[in-house]
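The following note is addressed to a colleague who is new to this structure. Its points concern helix packing and one residue within it.

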Amino acid sequence: MAAELIFNCLVGLGIVFFLVQAFSLPQSDNPGDVLGAGGFPVILGILGLIVLAVITVRVLRQKSKVKVPMFDLGSLDGRSLALNVVLLFVYIMVLDVIGFVLSTLLYLPVAGWSIGYQKPLRLALYTVAVTAVLTGVFGILFLVPLPRGVGLLRELSYIIF
């Protein structure tokens with residue numbers, strides 16, 4: 001139980017640091033932007049502190065070691081989680097090199113397969129649909145500068161968004 005409490009304290013300190021940084025973000029000059037630049041991070045930070053408090057109370061009530069199967073690398077869930085962390089790391093590393101669209105098209109089916117999704121046609125449709133929606137909403141509608149990749153991939157991305 002002591003390890004969980006120390007871990008929760010460290011996570012709490014991280015969230016408080018995140019909140020301090022979020023509160024220091026400048027306010028928006030846009031009258032339509034109610035929350036400003038720091039609004040969304042502040043909401044996430046406060047929700048994180050609430051969830052952390054609930055988890056800490058639960059740990060204190062159980063007074064025993066909390067076993068989370070997902071964190072046991074000997075279990076299938078643990079191996080799946082570790083594989084997904086590695087996949088996410090690789091996805092982030094190649095994002096600027098091969099661009100958002102191609103890296104997302106490669107990442108989503110592999111991540112889906114790694115968590116046990118076995119229907120390839122539905123996984124392919126899901127991959128294409130999610131990539132198209134994310135690119136359309138963020139790249140085209142909200143004009144978020146999504147990573148375009150380098151070289152020829154960069155030039156091809158201008159056709160899409």
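1. In this predicted model, helices α1 and α2 run roughly antiparallel to each other, because an angle over 145 degrees counts as such and their axes cross at roughly 165°. Helix α1 spans residues 2-23 and helix α2 residues 39-62, and the two axes come within 9 Å. The crossing of α1 past α2 is left-handed.

2. The contact between these two helices draws on residues of α1 including L5, V11, I15, F18 and F23, and on residues of α2 including P41, I46, L49, L52 and V59. By character, the residues of the contact of α1 with α2 comprise 16 nonpolar, five polar and one charged.

3. A second pair is formed by helix α3 (residues 76-98) and helix α4 (residues 100-114), whose axes cross at roughly 170° and come within 9 Å. The crossing angle makes α3 roughly antiparallel to α4. Among the residues in contact are L83, L87, Y91 and I98 of α3, together with F100, L106, Y107 and V110 of α4. The residues of this contact of α3 with α4 divide into 13 nonpolar, five polar and no charged.

4. Is S103, a residue of helix α4, buried or exposed? S103 counts as buried, because its relative accessibility is 1% and the cut-off for buried is under 20%.

5. The surroundings of S103 merit a separate remark. Its side chain reaches the backbone oxygen of G99 at 2.6 Å. Leaving aside residues up to four places away in sequence, S103 touches Y91, V94, L95 and I98; these four belong to the α3 side of the contact with α4.

Definitions and conventions. Residues numbered from 1 in each chain as written. Predicted model: local features only at pLDDT ≥ 70, side-chain atom pairs only at ≥ 80, totals over all residues. Heavy atoms only, no water. Axes fitted to C-alpha atoms, helices over the stretch in contact; angles between N-to-C directions. Parallel < 35°, antiparallel > 145°, perpendicular 65-115°, else oblique. Contact = heavy atoms within 4.5 Å. Nonpolar A, V, L, I, M, F, W, Y, C, P; charged D, E, K, R; others polar. Buried < 20%, exposed > 50% of the residue type's maximum accessible area, 1.4 Å probe, protein only. Polar contact = N/O pair within 3.5 Å; in protein donor to acceptor, adjacent residues only side chain to side chain. Left-handed = near helix turned anticlockwise from the far one by under 90°.
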